[in-house]
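Grab a viewer and a pencil, and let's work through a few geometry exercises together. Try each task yourself before reading its solution.

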Amino acid sequence: MHKGKILKIISTIFVLVWMITVFIFSSQDGTQTLNTSGAFIHVIDSTLNQVESNNTNKTDTVNTQDNNNKKYNYSQELQTFVRKNAHYFLYTVGGIILSVFFYAFLGKNKKVYAFAILTGMLYAMSDEFHQRFVEGRTSRITDVGIDTLGVITGTILFMIFVNILIKSRKKKSENGGIKNVTF
C-alpha cells in the first residue's frame with residue numbers, strides 16, 4: 001500500500017476518534033463533568049492542604065472559617081481553570097490531527113491550515129450547541145473561542161513541525177543524503 005494512502009486512512013481514523021472523544025465528553029451531564037475535573041482538582045487540593053498543615057501550628061475558629069471560605073473560592077477558580085484548559089488542550093490536539101488529515105488529502109498547500117482551523121471552529125460550535133441539550137451543561141461562546149484558539153495552536157505546531165522537517169530534508173539533500181525531497 002502506498003504511503004500517502006496509509007496516511008489518509010490513519011489520519012481519518014484519528015479525526016474520527018478525536019471527534020467521538022469530544023462528543024463523549026460533551027455528553028457527560030453536569031455532575032459527571034464536575035467529577036472528572038474534580039478528581040484532578042482533588043489531587044492539587046490535597047497537596048496544598050498537606051503543605052498548609054505542615055506549616056500551621058495553631059488555628060482558631062475565625063481563621064478556620066476564613067480559610068474555608070478562601071479554599072472554596074480557590075476551588076471554584078481552579079475548577080474553571082482546569083475545565084477551560086481541558087477545552088484548550090483537547091482542541092490543540094484536534095488542530096494537529098485536523099492539520100495532518102488535510103495535509104494527507106491536499107498535500108503541501110496553504111489551504112490545509114485554513115481548512116483545519118475552519119473545521120475545528122465549526123466542530124467547536126457544534127459541540128457547544130450539543131451541550132445545550134445535556135442536563136447540567138451550558139453552551140458558551142467563550143468556550144468556542146477557547147476551543148478555536150486550541151485548534152489554531154495545534155495547527156501552528158503542525159506548521160512548525162512541517163517546516164522543520166522540510167528544512168531538515170533540504171539540508172540533508174544539499175549534503176548528498178537524500179536526492180528527492182517530496183514532503
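Below are four exercises, each with a worked solution.

A word on the ground rules: this is a predicted model, where local features need pLDDT of at least 70, side-chain atom pairs count only at pLDDT 80 or more, and totals for chains, interfaces and linings use all residues. Residues are numbered from 1 along each chain as its sequence is written, and side-chain values use heavy atoms, with hydrogens and water left out.

**Exercise 1. Work out the overall layout of the protein chain.**

Step 1: go through the secondary structure, and you get five helices and zero strands. Helices here are DSSP runs of H or I with at least four residues, strands are E runs of at least two, and numbering starts at the N terminus.

Step 2: written along the sequence, that gives α-α-α-α-α.

Step 3: check burial, where buried means under 20% relative accessible area, exposed over 50%, and partly exposed in between (1.4 Å probe, protein chains only). Of the 183 residues, 27% are buried.

Step 4: look at the contacts (heavy atoms within 4.5 Å). Taking those between residues at least 6 apart in sequence, 74% join residues at least 24 apart.

**Exercise 2. Decide how α4 sits against α1 and against α5: roughly parallel or roughly antiparallel?**

Step 1: get the angles from axes, which are lines fitted to C-alpha atoms over the stretch in contact, with angles running from 0 to 180 degrees between N-to-C directions. Helix α1 (residues 3–27) meets helix α4 (residues 111–131) at about 25 degrees, axes 9 Å apart. For α4 and helix α5 (residues 141–174), the angle is about 155 degrees and the axes are 9 Å apart.

Step 2: apply the cut-offs: under 35 degrees is roughly parallel, over 145 roughly antiparallel, 65 to 115 roughly perpendicular, and the rest oblique. So α1 and α4 come out roughly parallel, while α4 and α5 are roughly antiparallel.

Step 3: sort the residues of the α4–α5 contact into classes, and you find twelve nonpolar, three polar and four charged. Nonpolar covers Ala, Val, Leu, Ile, Met, Phe, Trp, Tyr, Cys and Pro; charged covers Asp, Glu, Lys and Arg; the others, Gly among them, are polar.

Step 4: do likewise for α1 with α4, which has six nonpolar, five polar and one charged.

**Exercise 3. Classify the ring pair of Trp-18 and Tyr-123.**

Step 1: recall the rule: rings of Phe, Tyr and Trp (its six-membered ring) pair if their centres lie within 6.5 Å; planes under 30 degrees apart are stacked, over 60 edge-to-face, and the rest tilted. This rule yields eight aromatic pairs.

Step 2: the two ring centres are 5.4 Å apart with planes at 45 degrees, so Trp-18 and Tyr-123 make a tilted pair.

Step 3: place the partners. Trp-18 is in α1 and Tyr-123 in α4, so the pair links parts 105 residues apart in sequence.

Step 4: check accessibility. Trp-18 is buried at 4%, and Tyr-123 is buried at 17%.

Step 5: contrast this with Phe-129 and Phe-133, which are edge-to-face at 5.1 Å centre to centre and 75 degrees between planes. Phe-133 is exposed, at 62%.

**Exercise 4. Describe the surroundings of Gly-95.**

Step 1: find Gly-95 in helix α3 (residues 61–106).

Step 2: its relative accessible area is 0%, so Gly-95 is buried.

Step 3: leaving out residues up to four places away in sequence, Gly-95 touches Val-151, Gly-154 and Thr-155.

Step 4: for a distance check, Gly-95 and Phe-158 are 8.1 Å apart C-alpha to C-alpha, despite being 63 residues apart in sequence.
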